[in-house]
Amino acid sequence: MEYITRGVCGQEGCRETRYYLDNGLWFCRRGHQQEGRQVEADGDDFGTQGRTSRVKKAAVEKTQRIYRGRQASRLFLQVYQLVLWKQSYTLVQSRGFPPEFENVIRDLWALHLDTFADQVNELSEEDDEPRFFSSQPASSFDDPQDTKLGTTPTKWPRLIDSIALCYIAALLMRLPVSIEGFHRMAIRGEIPFIRIIKDIPRDMRDRLPPQFIAILETTKLIQAEHLHGAVADLLSYYHHRFGMHFPPLNWPFLLYRYIKRLALPIDIYPAVKRLQHLLGFSFEYPTGTHGRRRPLQLPEVQIVVLIVISTKLLFPFDDYNRYPLSPKEPSVQVVDWALWAQNQRNFDREETSGGRLGKGNEISVTEKDILSMTPSQLDEYMNWYESSWLDHSKAQNPLADFFPVNINANENQAGSTPVEGNEAEALLAMLRISTSQLKSTKVITGESIDTPRPGSAYARYRTEADLPDMARPFFETTAKIAGISLSTLVRAVSQAEHKITKWLEEHRRVEAIRDTLGTDLSSETSEMDAADMSESEDGQ
């Protein structure tokens with residue numbers, strides 16, 4: 001019998017290494033049958049000894065991993081709904097929003113889903129490309145509005161629209177939250193927005209086609225001005241589609257917050273209220289979509305514009321002396337704008353004091369910035385990168401344990417203090433310093449044409465280049481807290497000042513006509529009285 005040498009048998013302690021073939025089965029020299037491949041002999045048993053044949057596995061039908069057409073559209077809307085829930089849940093649990101906020105978000109989204117019902121039903125099950133989607137941010141101010149929402153084929157919701165929807169829910173509940181506040185929370189990672197795709201379950205994410213993944217990816221850093229445009233578009237859509245009317249802003253709280261953040265005297269508050277009635281601002285969002293979107297039509301822009309004009313009237317940015325009539329006038333106080341600008345710079349540097357990178361600044365880091373970072377700043381940046389960009393749902397590489405990335409994460413968290421507490425303390429410190437630096441001017445009573453009074457020699461700046469060095473820091477800080485660009489703020493202030501000028505001209509014209517008519521009537525009355533007296537004398 002022919003034997004073949006192979007490995008050790010191992011059955012029942014057998015150490016045999018020689019094997020023979022019998023009827024297609026392998027046996028060791030001691031008769032133990034071996035597991036493994038079988039060798040089938042040919043039926044004719046002619047020249048086929050030793051030829052092996054492998055048994056093929058049954059073919060398994062492969063299922064499609066990425067959805068297409070109608071199925072993909074429905075999955076995308078479910079994913080977007082999950083994003084909205086995560087954002088609203090975080091706002092309620094971490095940011096102190098009322099629990100009813102989630103219900104308002106749910107109702108607004110339920111109305112919005114009605115837009116996509118016909119669009120999804122029109123798609124076939126195998127349609128490969130979704131239609132009318134855009135991953136670009138909302139347009140900024142003064143962009144032409146060529147179409148009206150609700151009357152043309154709709155687009156898939158953008159990622160920025162989720163933040164806009166949260167703002168609209170806060171507007172309906174009259175919560176004193178600004179658009180810049182929502183933008184700041186999104187950039188700082190206080191609500192899910194940056195790299196939201198990693199927070200979506202992997203089973204759902206793997207079945208979305210790339211076109212829908214692109215909508216949820218953060219490919220461009222959004223600006224607060226883009227969020228203004230997205231909010232205006234959504235409000236116009238809800239108004240035209242469902243006939244919804246939205247309340248005005250809870251502007252007294254927002255106005256107080258703006259004045260406090262700008263470290264201005266509280267006398268700005270009543271001045272803004274008087275200018276509001278003069279200009280007819282209702283602090284409501286416009287519902288029309290015709291023409292171009294003007295920044296002065298937006299209520300938050302209106303508030304900061306009135307603050308700027310009131311500040312220019314009461315505390316101008318020049319060295320021209322103006323003397324009030326009474327010590328009770330707000331203009332008795334004088335703001336040193338050079339010291340004010342220094343206080344604002346100190347407040348902005350408070351978050352990065354102590355060699356910290358600053359929350360929210362990580363996303364703006366460039367290659368050049370990394371070269372000048374300290375070790376603690378690098379650790380801070382890498383911890384942010386790990387939490388924002390690394391996808392922990394993937395299978396971990398076996399070598400990853402040799403390169404730990406979160407060694408100092410717990411130490412940094414333990415040594416850090418609440419950011420909001422630091423900001424509140426820094427803001428109060430800035431207010432105390434700014435209040436102590438206010439000066440008083442001379443009061444000149446009595447009417448005098450030659451005495452310059454508050455409001456005289458009012459300076460107007462039509463473009464950004466017209467801003468003097470003393471006024472530029474104030475305009476820049478105001479534009480930042482309003483979430484608009486500096487050029488947009490200057491243009492909006494100029495438009496409001498033009499309206500005030502027209503009102504003054506109309507008021508003066510009416511006064512002149514009234515004075516003229518009053519003079520004519522008084523002369524005619526005196527002549528009639530003289531004639532009556534002469535007639536009475538003749539009769540006597």
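**Note on the predicted model**

1. Thr5 has Arg18 as its bridge partner in strand E2. This is a predicted model, and the pair is a convenient place to start reading it. Thr5 belongs to strand E1, residues 4-5, which pairs with E2, residues 18-22, in the antiparallel sense over 2 bridges. Across from Ile4, in E2, stands Tyr19.

2. The next pairing joins E2 to strand E3, residues 25-28; this one is antiparallel as well and runs over 4 bridges. Here Leu21 is set opposite Trp26 in E3. E2 and E3 make a hairpin, with 2 residues between the strands. Asn23, in that turn, has a positive phi of about 55°.

3. Taken together, these 3 strands form an open sheet, ordered E1-E2-E3, with antiparallel pairing. Which strands stand at the edges? They are E1 and E3; each has a single partner strand, so one side of each is left without a neighbour in the sheet. In general, strands of a sheet pair through backbone hydrogen bonds, either parallel or antiparallel.

4. Some overall figures follow. The protein has 17 helices and 5 strands. Of its 540 residues, 39% are buried. Contacts between residues at least 6 apart in sequence join residues at least 24 apart in 71% of cases. The accessible surface amounts to about 31500 Å², and carbon and sulfur atoms account for 51% of that surface.

5. The largest nonpolar core holds 113 residues, and the members that touch the most others are Phe182, Ile307 and Phe475. Helix H3, residues 159-172, supplies the largest share of this core, 11 residues. Ile307 shows what such a position looks like. Apart from neighbours within four places in sequence, Ile307 is in contact with Leu255, Tyr258, Ile259, Leu262, Leu264, Ile268 and Val272.

6. Helix H3 deserves a separate look. Is H3 mostly covered or mostly exposed? Of its 14 residues, 13 are buried, so the helix is mostly covered by the under 20% cut-off on relative accessible area. From its first C-alpha to its last, H3 reaches 21 Å, close to the 20 Å expected at 1.5 Å a residue. Arg174, just after H3, takes a positive phi of about 60°.

7. Aromatic rings are counted as a pair if their centres lie within 6.5 Å. The count by this rule is 27 aromatic pairs. One of them joins Tyr237 and Phe242: the ring centres are 5.8 Å apart and the planes meet at 85°, so this pair is edge-to-face. The two partners can also be described by their cover. Tyr237 is buried, at 3% relative accessible area, whereas Phe242 is partly exposed, at 27%.

8. A second pair is made by Tyr381 and Tyr385. The centres of their rings lie 6.4 Å apart with the planes at 40°, so the pair is tilted. Both residues sit in helix H13, residues 375-389, and are 4 residues apart, about one turn of the helix. An α-helix has 3.6 residues a turn, so residues three or four places apart point the same way. Tyr381 is buried, with 14% relative accessible area, while Tyr385 is partly exposed, with 34%.

9. Aromatic residues also gather in a group: Phe76, Tyr80, Trp109, Phe116, Trp156 and Phe212 form one aromatic cluster.

10. Gln377 is also placed in helix H13. Is Gln377 buried or exposed? Its relative accessibility is 16%, and Gln377 therefore counts as buried, the cut-off being under 20%. Beyond neighbours within four places in sequence, Gln377 is in contact with Gly355, Arg356, Leu357 and Ser372.

11. The last residue to look at is Met430, in helix H15, residues 419-436. Met430 counts as buried, with a relative accessibility of 3%. How many residues separate Met430 and Ala263 in sequence? They are 167 residues apart in sequence, yet their C-alpha atoms are 7.1 Å apart in space. Ala263 is among the contacts of Met430 outside four places in sequence; the others are Arg261, Asn343, Gln344 and Phe347.

Technical notes:
Residues are numbered from 1 along each chain as its sequence is written. This is a predicted model: local features need pLDDT of at least 70, side-chain atom pairs count only at pLDDT 80 or more; totals for chains, interfaces and linings use all residues. Side-chain values use heavy atoms; hydrogens and water are left out. Rings of Phe, Tyr and Trp (its six-membered ring) pair if their centres lie within 6.5 Å; planes under 30 degrees apart count as stacked, over 60 as edge-to-face and the rest as tilted. Buried means under 20% relative accessible area, exposed over 50%, partly exposed in between (1.4 Å probe, protein chains only). A nonpolar core is a set of buried Ala, Val, Leu, Ile, Met, Phe, Trp, Tyr and Cys residues joined through side-chain atoms within 4.5 Å. Contact means heavy atoms within 4.5 Å. Two strands pair if DSSP finds at least two bridges between them. Accessible areas come from the Shrake-Rupley method with a 1.4 Å probe; for residues, only the protein chains shown count as cover. The expected span of a helix is 1.5 Å times one less than its number of residues.
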